[in-house]
Amino acid sequence: LLLATPTAFAESLLPVGTPVRLERDVVGRDDYGRLLAYVYRAADGVFINYEIVRQGYAQPLTIPPNVTFSDLMVQAARDDEADDAGLWAACS
């Protein structure tokens, strides 16, 4: 499923009003006060951050000390590029 934008893909995973569970890492907010969290869809536990990277709609950015899922996200990015997933399909 290739949607037009990363935003459209995220909205397909989390339509407005979808209950979520947030999980923080070591640092809960960035220097601008923005919440930093891992997002899970409450109904089925889908790890939204991972799905966005794995389906080719984002590249991982790890800023220590928030490194809990850095290896998982890097592997997901490698896999989606190899599979021409998401926006990688436009680069082929």
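**Entry 1: charged pairs**

A salt bridge is a side-chain nitrogen of Lys or Arg within 4 Å of a carboxyl oxygen of Asp or Glu. I wrote that down first, then turned to the structure, which is a predicted model. My search of the whole structure gave three salt bridges.

I started with arginine 34, whose side chain meets that of aspartate 30 at 2.5 Å, N to O. That distance is within 4 Å, so the pair counts as a salt bridge.

Next I looked up arginine 41 and aspartate 44, whose closest N and O atoms are 2.8 Å apart. Is arginine 41 buried or exposed? I found it buried, with a relative accessible area of 18%. Aspartate 44 is partly exposed, with a relative accessible area of 47%.

Then I checked arginine 21 and glutamate 23, which form a salt bridge with their closest N and O atoms 3.5 Å apart. Arginine 21 is partly exposed, at 43% relative accessible area. Glutamate 23 also counts as partly exposed, at 26%. A reminder to myself: side chains of opposite charge can pair when their charged atoms come close.

**Entry 2: a nonpolar patch**

I went looking for nonpolar side chains on the surface. Val20, Leu22 and Leu35 form a patch there, and together they have about 240 Å² of accessible area. Leucine 35 sits in the loop between strand S1 (20–23) and strand S2 (38–41). I noted leucine 35 as partly exposed, because its relative accessible area is 38%.

**Entry 3: helix H3**

How far apart should the ends of H3 be? H3 has 13 residues, from 70 to 82, and at 1.5 Å a residue they should span 18 Å. I found the end C-alpha atoms 19 Å apart, which agrees.

I then listed the buried residues of H3: Ser70, Met73, Ala76, Ala77 and Asp80. They cover an arc of only 125° around the axis, so they lie on the same side of H3. My textbook note fits here: an α-helix has 3.6 residues a turn, so residues three or four places apart point the same way. On the other side of H3, I found Asp71, Arg78 and Ala82 exposed.

What do the buried residues of H3 pack against? They pack against helix H2, residues 48–54.

**Entry 4: arginine 54**

I followed that lead to arginine 54, which lies in H2. Arginine 54 has 18% relative accessibility, so it counts as buried. Which residues does it touch, leaving aside its neighbours within four places in sequence? I found Ala76, Asp79, Asp80, Asp83 and Ala85 in contact with it.

**Entry 5: after H3**

One of those contacts, aspartate 83, lies in the segment after H3. I noted aspartate 83 as partly exposed, since its relative accessible area is 47%. Aspartate 83 is 27 residues from glycine 56 in sequence, yet their C-alpha atoms are 9.1 Å apart in space.

I also checked the backbone of aspartate 84, which follows H3, and found a positive phi, near 55°.

**Entry 6: a cis peptide bond**

Last, I looked at proline 65, in the loop between H2 and H3. Is the peptide bond from proline 64 to proline 65 cis or trans? I found it to be cis, with omega near 15°. For comparison, I copied out a general rule: most residues other than glycine have a negative phi, and most peptide bonds are trans.

Notes: Residues are numbered from 1 along each chain as its sequence is written. This is a predicted model: local features need pLDDT of at least 70, side-chain atom pairs count only at pLDDT 80 or more; totals for chains, interfaces and linings use all residues. Side-chain values use heavy atoms; hydrogens and water are left out. Helices (H or I, at least four residues) and strands (E, at least two) are DSSP runs, numbered from the N terminus. The expected span of a helix is 1.5 Å times one less than its number of residues. Buried means under 20% relative accessible area, exposed over 50%, partly exposed in between (1.4 Å probe, protein chains only). The arc is that of the directions from the helix axis to the C-beta atoms. Contact means heavy atoms within 4.5 Å. Patches are made of residues with over 30% relative accessible area and no salt bridge: like charges are joined within 9 Å, nonpolar side chains (Val, Leu, Ile, Met, Phe, Trp, Tyr) within 5 Å. Accessible areas come from the Shrake-Rupley method with a 1.4 Å probe; for residues, only the protein chains shown count as cover.
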